Amino acid sequence: MTQDFNTRTAVARARRRIRMLRRRWLRRFAARRAVRALRTVQVMLLLAVLLVRKAHGADATNSMPESALMPKAAAGYRLFDHNCAHCHGDDARGDEGPDLHDLRKSDEKLQRIIKGGIKGEMPAFGKKFKDADVEALIAFLRTLK
Ligand code: HEC
């Protein structure tokens with residue numbers, strides 16, 4: 001009888017304990033879910049802020065003329081590499097032709113030199129290149145500081 005009673009109280013106690021543990025686990029689980037939800041919101045906010053900043057940054061750079069020159073200069077570098085580097089050096093530091101860094105000449109003057117060449121020194125590229133090509137080359141030369 002007492003044995004039976006003890007067993008029953010033990011079982012009841014165990015059940016209570018299980019219920020308590022389950023409640024505690026549920027609370028903790030709920031807390032963890034809340035934390036995770038908050039984190040998701042945080043990440044989304046951060047992404048939103050970054051996107052807005054990026055959009056603003058893009059606007060800001062779009063209004064600067066330099067950003068338009070960069071792809072031009074890159075195209076100019078390819079032209080230089082194929083047509084000028086064997087005389088002016090791969091790094092344009094000069095070889096048979098002079099160093100092309102820090103040129104003091106105006107765009108118009110450079111255009112004339114590239115299109116018309118220099119008699120007995122440098123070939124004329126006026127027939128080979130379109131105006132856009134010459135502009136790209138000059139944009140590249142302007143990056144040589
Ligand atoms: C056959 C060799 C040769 C090639 C190819 C060549 N150049 Fe030249 N370039 C020269 C020489 C030599 C001079 C210097 C002439 C002088 O000072 O009388 C020169 C001068 C110049 C100058 C004037 C530099 C200064 O300080 O006044 C520019 C700019 C120039 N070259 C750009 C180019 C570009 C751009 C290309 C390619 C499209 C090119 N050159 C291809 C040989 C070459």
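This text walks through a predicted model of a protein chain with a ligand, from its helices to the residues around the ligand.

The protein chain has 145 residues, and buried residues make up 9% of them. Its secondary structure amounts to 5 helices and 0 strands. Read from the N terminus, the order of elements is therefore simply α-α-α-α-α. Contacts in the chain can be sorted by the distance along the sequence. Of those between residues at least 6 apart, 52% join residues at least 24 apart.

One such packing of elements involves helix 4, residues 107–116, and helix 5, residues 131–142. The axes of these two helices come within 10 Å and cross at roughly 120 degrees. An angle from 65 to 115 degrees would count as roughly perpendicular, and one over 145 as roughly antiparallel. The value for this pair falls in neither range, so helix 4 and helix 5 are oblique to each other. The crossing of helix 4 past helix 5 is right-handed. On the helix 4 side, the residues in contact are Asp107, Leu110, Gln111, Ile114 and Lys115; on the helix 5 side, they are Val134, Leu137, Ile138 and Leu141. By class, the residues of this contact divide into 6 nonpolar, 1 polar and 2 charged.

Helix 5 also holds Phe140. Is this residue buried or exposed? Phe140 has 23 other C-beta atoms within 10 Å; the cut-off for a buried residue is 20 or more, so Phe140 counts as buried. Leaving aside residues up to four places away in sequence, Phe140 touches Ala73, Gly76, Tyr77 and Phe80. Phe80 is 60 residues from Phe140 along the chain, yet their C-alpha atoms are separated by 8.2 Å. Helix 2 covers residues 65–83, and the four partners of Phe140 have numbers in that span.

The loop between helix 3 (85–88) and helix 4 holds Ala92, and Asp102 has its place in that loop too. Neither residue is a glycine, but each has a positive phi: near 60 degrees for Ala92, about 50 degrees for Asp102. Which of the two is buried, and which is exposed? Ala92 is buried because 22 other C-beta atoms lie within 10 Å, where 20 or more are required. Asp102 counts as exposed because it has 9 C-beta neighbours inside 10 Å, and the limit for that class is 12 or fewer.

The last topic is the ligand. Around it are 20 residues, of which Cys84, Cys87, Gly97, Glu121 and Met122 come nearest. Helix 2, helix 3 and helix 4 are the elements that give two or more residues to this shell. Which element supplies the largest share? That is helix 4, with 3 residues. Sorted by class, the shell has 14 nonpolar, 3 polar and 3 charged residues. Helix 4 thus appears both in the shell around the ligand and in the oblique pair with helix 5.

Conventions
Residues numbered from 1 in each chain as written. Predicted model: local features only at pLDDT ≥ 70, side-chain atom pairs only at ≥ 80, totals over all residues. Near = placed C-beta within 6 Å. Nonpolar A, V, L, I, M, F, W, Y, C, P; charged D, E, K, R; others polar. Contact = placed C-beta atoms within 7 Å. Axes fitted to C-alpha atoms, helices over the stretch in contact; angles between N-to-C directions. Parallel < 35°, antiparallel > 145°, perpendicular 65-115°, else oblique. Left-handed = near helix turned anticlockwise from the far one by under 90°.
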